[in-house]
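Student: Got a minute to go through this model with me? I'd like to start with the helix packing and then look at some odd backbone spots.

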Amino acid sequence: MVAMNENTNGPTVALVTGANKGIGYEIAAGLGALGWQVGVGARDGQRREEAVRTLRARGVDAFAVPLDVTDDDSATAAAELLAERFGRLDVLVNNAAVTGGMPQAPTGVDPAQVRLVVETNVLGVIRVTNAVLPLLRRSAAPRIVNMSSGVGSLALQSDPDAFTGPTSAAYAPSKTFLNAVTVQYAKELTGTGVLVNLACPGYCDTDLNGHRGTRTPAQGAVIAVRLATLPADGPTGQFFNEDGPLPW
Ligand SMILES: NC(=O)c1ccc[n+]([C@@H]2O[C@H](COP(=O)([O-])OP(=O)(O)OC[C@H]3O[C@@H](n4cnc5c(N)ncnc54)[C@H](OP(=O)(O)O)[C@@H]3O)[C@@H](O)[C@H]2O)c1
């Protein structure tokens, strides 16, 4: 995979959801380092402005995009903001996610917990993607990166030797669901130039896991940046970590 971007109509414009902290923040920084204009999608005004401020201090051409991925109106407003400012979107990184809290073993899980996680991690991706898809279709090199996880791999979940975290009836299955949905997007968008892939960042030190992860958020961002910069003949509907394809 070659890191490149084929847009010729001005700086590449990207939107990263959940970009106020963690891996999303570092994805925004990584895309900004390419000279791109990066929308910091975040639901909390103060956290959003602080992230934009610190990214700009790092030299990133960052701008704020108010965005709660669980809210239809918010997704529509984010698309309108991008349409008014740029008239198109080149890259969407669907990064925002929640675990729903632990424990969430299947026999005791609260259905409300599952609902929140699916609403955010799956429906949130569909909601935001569909809101901005008309803008992506105007790009010369549209790319969608969905942040998944190895814990969403059924092959790894059923391998007793693989580390897939705590037993989970909400978070892990939400990533399996996301993987399946992403394959369907890739099928539907074949031939349109839109490449849509899944990235696993590895086990990173973020709020999501109480900072138990062993990789840095910046390391977690590497595969997302790579998939955001795929050439036209790059893969679509595939699932990667930094080392290559992951099993479904
Ligand atoms: N960390 C890991 O080890 C790991 C491993 C595999 C995959 N991943 C995936 O990598 C991505 C980033 O995870 P992370 O570790 O960086 O998590 P994180 O530090 O907890 O950050 C999650 C981000 O998502 C945002 N978010 C949550 N719900 C939202 C909503 N309804 N609308 C808008 N934004 C929302 C959060 O915003 P607030 O600040 O407002 O809550 C935050 O910006 C996720 O998709 C995660 O599943 C992480």
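Tutor: Sure, we'll take two helix pairs, a few single residues and then the backbone; keep in mind that this is a predicted model.

Student: OK, helix 1 and helix 7 first. At what angle do their axes cross?

Tutor: Roughly 55°, with the axes of helix 1 (residues 22–32) and helix 7 (residues 217–228) coming within 8 Å. Angles from 35 to 65 degrees fall in the oblique class, so helix 1 and helix 7 are oblique to each other.

Student: And is the crossing of helix 1 and helix 7 left-handed or right-handed?

Tutor: Right-handed. On the helix 1 side the contact uses Gly22, Ile23, Glu26, Ile27, Gly30 and Leu31. Helix 7 brings in Pro217, Ala218, Gly220, Ala221, Ala224, Val225 and Ala228.

Student: How does that contact split by class?

Tutor: Nine residues are nonpolar, three are polar and one is charged.

Student: Glu26 is on that list. Is Glu26 buried or exposed?

Tutor: Its relative accessibility is 18%, and the cut-off for buried is under 20%, so Glu26 counts as buried. Glu26 sits in helix 1, and beyond its neighbours within four places in sequence it touches Arg58, Pro217, Ala218 and Ala221.

Student: Back to helix 7. Which of its residues are buried?

Tutor: Gly220, Ala221, Ile223, Ala224, Val225, Leu227 and Ala228.

Student: What do the buried residues of helix 7 pack against?

Tutor: Helix 1, plus four strands: strand 4 (91–94), strand 5 (143–147), strand 6 (195–199) and strand 7 (239–241).

Student: What span should helix 7 have, going by its residues?

Tutor: Its twelve residues at 1.5 Å each should span 16 Å, since the rule multiplies by one less than the residue count. The end C-alpha atoms of helix 7 are 17 Å apart, which agrees.

Student: Cool. Now helix 4 and helix 6: what's the angle there?

Tutor: About 20°, with the axes 8 Å apart; helix 4 covers residues 111–136 and helix 6 covers residues 171–188. That makes helix 4 roughly parallel to helix 6, and their crossing is right-handed.

Student: Which residues make the contact?

Tutor: From helix 4 you have Val117, Val118, Asn121, Val122, Val125, Ile126, Thr129 and Asn130. From helix 6 come Tyr171, Ser174, Lys175, Phe177, Leu178, Val181 and Tyr185. By class, the contact of helix 4 with helix 6 has ten nonpolar, four polar and one charged.

Student: Why do residues three or four places apart point the same way?

Tutor: An α-helix has 3.6 residues a turn, so residues at that spacing end up pointing the same way.

Student: What about Val114, what does it contact?

Tutor: Val114 is in helix 4. Apart from neighbours within four places in sequence, Val114 is in contact with Val109, Ala169 and Ala170. With a relative accessibility of 23%, Val114 counts as partly exposed.

Student: On to the backbone. Where's the cis peptide bond?

Tutor: Between Met102 and Pro103, where omega is about 0°. Pro103 belongs to the loop between strand 4 and helix 4. For background, most peptide bonds are trans and most residues other than glycine have a negative phi.

Student: And what's phi for His211?

Tutor: Near 60°, so a positive value in a residue other than glycine. His211 is in the loop between strand 6 and helix 7, and at 43% relative accessibility His211 counts as partly exposed.

Key:
Residues numbered from 1 in each chain as written. Predicted model: local features only at pLDDT ≥ 70, side-chain atom pairs only at ≥ 80, totals over all residues. Heavy atoms only, no water. Axes fitted to C-alpha atoms, helices over the stretch in contact; angles between N-to-C directions. Helix = DSSP H or I, 4+ residues; strand = E, 2+ residues; numbered from the N terminus. Parallel < 35°, antiparallel > 145°, perpendicular 65-115°, else oblique. Left-handed = near helix turned anticlockwise from the far one by under 90°. Contact = heavy atoms within 4.5 Å. Nonpolar A, V, L, I, M, F, W, Y, C, P; charged D, E, K, R; others polar. Buried < 20%, exposed > 50% of the residue type's maximum accessible area, 1.4 Å probe, protein only.
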